[in-house]
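Subject: A structure for you to look through

Hi there,

Here is the structure I promised to pass on. Have a look at it first, and then read my notes below.

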Amino acid sequence: MKHGRKKTLLLVNPATKNGSGFIINKDTRYQPLSLGIIAALTPPDWKVKIIDENFRIFRYYKADLVGFTAFSSTVTRAYELAKLYRDEGIPTVIGGIHVSMVPGEASEFVDAVVIGEAETSWPRVISDFENNKLQRIYQGPLSDPIESPKPRRELFHPAYIFASIQTTRGCPMNCDFCSVTAFNGRNYRYRQIAEVISEMEEIPQKNLFILDDNIVGNTVQAQNRAIGLFKAMIDRGIKKDWIGQASLNVADNEEVLKYAAKSGCRMLFIGIESEREDQLVGANKKLNAKMGVNSYDEVFRKIHKYGIAVIAGIIFGWEDDTIERIDHRVKFTRESHADSIQSTMLTPLPGTRLFERMKKEGRLVMNNFPEDWQHYGYESLVFAPIHMDRIELQDYIYKAYNKVYEPAFLKRRMLKTWWRTGSLTSAYWSFMSNWNYRRMVYGKREKPGK
Ligand code: SF4
């Protein structure tokens, strides 16, 4: 390295290799927040560049150090790109939820793996690189409260319609199919409200996606903290429209909904998962099972009262699904008061109990890793179901989506949302959200080859 020259850190956000998933729609692409944070944690004598495949295909860019983030469905691409640099002797680093679950795999394809959250380990990665002693594995403790610098947002592609921001991390629910608890911990950890507000003030986009896995949490303290955040947004005149994620208990305290709405909340995503209590219990989705499937519409009604629309996350292709159950689920989604339906296929992600069980039972059909990780994007069945042939069930689900996202039905549903929420913005957003999910489930459908 020449003395005096600024070193270059290249950060890459890879896309799925088949171009499927959220990337299909411009307004479902989310900023790679972790890369903005890593850029902010990098000393000022470095030049940092982000290549974001959400907007453009990777083209080789010279760098001294190359960092990747990845989900399971994008990690195959990350490893492929890392090879280009490793072949030239340029060190590569990877972080994110996937490699935190399978660091051994990742270290075969990159030089260093960051397990867990970057804030507590990235400064060490940089200083070790500068001292020529990069380690294979870095693992930092979870900081509580979260101490995270403002992401360098000027490095994100300017075409993002939604700006991402995170105010809490962690989830105590520990559902069988989700790796959030393993990655971010069981305890809710908060960022200081003043820091979050100051960050919001600098965001140019009108629309925010609050990435927190559960903005409200499951304790009174968490509810009060959420109310405190919303009140601070109102007091400071943030004036953004936002989407967030919550669990079914979000309507327990209507003050939360009142201040969420006043602070600009237009839609809430709720993981409903199934209309069958045995599936909820089997997946350890305790809260939904406890509140009961009959509580769903009442919760949606309360949320609507404050002008907020609901995106219900519904899983198709549970391992014990049958044709009758899929038909019933379609009927349930059409009759539900949810405004938008996010349909996903059950996907055993690494690091989850579901993955370990299916692996032990020899039921992971897509198991040629890392190549097959690209199919772990919730759009194909990657395992052998119990009662049906995998392809038969998958094809039946694809057909079922025709009814979930039937255009005439979606238009009627938009009018219903408008009527129930009294908000044109929420009605429009929920229609667009349905339309985007429709495009995603039809967009780049993976044809399983096994
Ligand atoms: S699915 Fe939602 S509630 Fe369950 S562990 Fe993941 S983030 Fe928590």
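**Two helices side by side**

Let's start with helix H8 (residues 220-235) and helix H9 (residues 254-262), which pack at an angle of about 25 degrees, their axes 8 Å apart. Angles under 35 degrees count as roughly parallel, so H8 is roughly parallel to H9. Their crossing is left-handed. Please keep in mind that this is a predicted model.

Which residues make the contact between H8 and H9? From H8 come Gln-223, Ala-226, Ile-227, Phe-230, Lys-231 and Ile-234, and from H9 come Glu-255, Val-256, Tyr-259, Ala-260 and Lys-262. Sorted by class, the contact of H8 with H9 has seven nonpolar residues, one polar and three charged.

**More helix pairs**

H8 also packs against helix H7 (residues 193-201), here at an angle of about 40 degrees and with the axes 10 Å apart. Angles under 35 degrees would count as roughly parallel, so H7 is described as oblique to H8 instead. The crossing of H7 and H8 is right-handed. On the H7 side the contact is made by Ile-193, Val-196, Ile-197 and Met-200, and on the H8 side by Gly-228, Leu-229, Ala-232 and Met-233. Seven of these residues are nonpolar and one is polar, with no charged residues in the contact of H7 with H8.

Further along the chain, helix H16 (residues 407-421) packs with helix H17 (residues 424-442) at an angle of about 150 degrees, and their axes are 8 Å apart. Angles over 145 degrees count as roughly antiparallel, which is why H16 is roughly antiparallel to H17. H16 and H17 cross in the right-handed sense. H16 brings Leu-410, Arg-413, Met-414, Thr-417, Trp-418 and Thr-421 to the contact, while H17 brings Leu-424, Ser-426, Ala-427, Ser-430, Phe-431, Asn-434 and Trp-435. The classes in the contact of H16 with H17 are seven nonpolar, five polar and one charged.

**Two open sheets**

Now to the strands. Strands of a sheet pair through backbone hydrogen bonds, in either a parallel or an antiparallel way.

One open sheet has six strands in the order S2-S1-S3-S4-S5-S6, and the pairing is parallel. Which strands lie at its edges? They are strand S2 (46-52) and strand S6 (137-139), each of which pairs on one side only. On average, neighbouring strands of this sheet are turned by 20 degrees against each other, direction ignored. To see one pairing up close, look at strand S1 (residues 7-13) and strand S3 (residues 65-69), which are joined in the parallel sense over four bridges. There, Leu-9 stands opposite Leu-65 in S3.

Two helices lie across this part of the structure. Helix H1 (residues 33-41) lies across S1, S2, S3 and strand S4 (92-95), and runs at about 165 degrees to S1. Helix H2 (residues 72-86) lies across S1, S3 and S4, running at about 160 degrees to S4.

Another open sheet is made of six strands in the order S7-S10-S11-S12-S13-S14, also with parallel pairing. Its edge strands are S7 and strand S14 (340-345), and each pairs on one side only. Here the neighbouring strands are turned by 25 degrees against each other on average, direction ignored. Within this sheet, strand S11 (residues 241-246) pairs with strand S12 (residues 265-273) in the parallel sense over five bridges. Gln-245 has Phe-269 in S12 as its bridge partner.

**Backbone details to look up**

Most residues other than glycine have a negative phi, and most peptide bonds are trans. Here are some spots to compare with that.

- A cis peptide bond joins Asp-144 and Pro-145, with omega about 0 degrees. Pro-145 sits in the loop between S6 and strand S7 (162-165).
- The bond from Phe-369 to Pro-370 is also cis, with omega near 5 degrees. Pro-370 is in the loop between helix H14 (353-360) and helix H15 (390-404).
- Asn-132 is not a glycine, yet its phi is positive, about 60 degrees. You will find Asn-132 in the loop between helix H5 (122-130) and S6.

**Around the ligand**

What surrounds the ligand? The residues are Cys-171, Met-173, Asn-174, Cys-175, Cys-178, Val-180, Thr-181, Asp-213, Ser-247 and Gly-271. This shell divides into five nonpolar residues, four polar and one charged.

Enjoy exploring!

Technical notes: Residues numbered from 1 in each chain as written. Predicted model: local features only at pLDDT ≥ 70, side-chain atom pairs only at ≥ 80, totals over all residues. Near = placed C-beta within 6 Å. Nonpolar A, V, L, I, M, F, W, Y, C, P; charged D, E, K, R; others polar. Pairing = 2+ DSSP bridges. Axes fitted to C-alpha atoms, helices over the stretch in contact; angles between N-to-C directions. Contact = placed C-beta atoms within 7 Å. Parallel < 35°, antiparallel > 145°, perpendicular 65-115°, else oblique. Left-handed = near helix turned anticlockwise from the far one by under 90°.
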